[in-house]
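This note concerns the charged side chains of the structure shown below and is set out as numbered points. Please keep the sequence and the 3D view at hand while reading.

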Amino acid sequence: QVQLVESGGGLVQAGGSLRLSCAASGRTFSRYAMGWFRQAPGMEREFVTAINRSGSSTYYADSVKGRFTISRDNAKNTVYLQMNSLKPEDTAVYYCAAKFLAPSTTWTPPVADEYDYWGQGTQVTVSS
């Protein structure tokens, strides 16, 4: 069982930056690929970014490429989402998710159903 706790959300003006963190419980964090998803009011949950177990590979939605950066610190059991040049359309609840990956296996980063554990979410609001 893995518990995920997001933090770092808040209110920011357009063009500003925020850094989200997702802290994971347990000793096996490095066995999990991690993803960030977001959900705006009245919208479906959408993929934002993901990172593999070692941090050597990252994946981004087109809408955030060049503005958002995912990273992880396996020693701290934490994954980060640095968000720069924020836009009002980035307003959403942001969720982190964990996908257990056996060695030499892969997953489909944008598919929410592939993830095993989810955090409770953190609100990000970008004002214009």
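1. Is Asp62 buried or exposed? In this predicted model, Asp62 has a relative accessible area of 65% and is exposed, because the cut-off for that class is over 50%. Its salt-bridge partner is Lys65, with the closest N and O atoms 3.2 Å apart. Lys65 is partly exposed, at a relative accessible area of 49%.

2. The structure holds four salt bridges in total. As general background, side chains of opposite charge can pair when their charged atoms come close.

3. Asp90 deserves separate attention. Its side chain meets that of Arg67 in a salt bridge, at 2.7 Å from N to O. This pair links distant parts of the chain: Asp90 lies in the loop between β8 and β9, and Arg67 in the loop between β6 (58-60) and β7 (68-73), 23 residues apart.

4. Asp90 also forms a salt bridge with Arg38, where the closest N and O atoms are 2.9 Å apart. Here too, distant parts of the chain are linked: Arg38 belongs to strand β4 (residues 32-39), 52 residues apart from Asp90, which sits in the loop between β8 (78-83) and β9 (92-100).

5. How accessible are these residues? Asp90 has a relative accessibility of 0% and therefore counts as buried. Arg38, at 5%, counts as buried, and Arg67, at 10%, counts as buried as well. The cut-off that applies is under 20% relative accessible area.

6. Finally, the pairs around Asp90 should be read together: a network of salt bridges links Arg38, Glu46, Arg67 and Asp90.

Conventions. Residues are numbered from 1 along each chain as its sequence is written. This is a predicted model: local features need pLDDT of at least 70, side-chain atom pairs count only at pLDDT 80 or more; totals for chains, interfaces and linings use all residues. Side-chain values use heavy atoms; hydrogens and water are left out. Helices (H or I, at least four residues) and strands (E, at least two) are DSSP runs, numbered from the N terminus. Buried means under 20% relative accessible area, exposed over 50%, partly exposed in between (1.4 Å probe, protein chains only).
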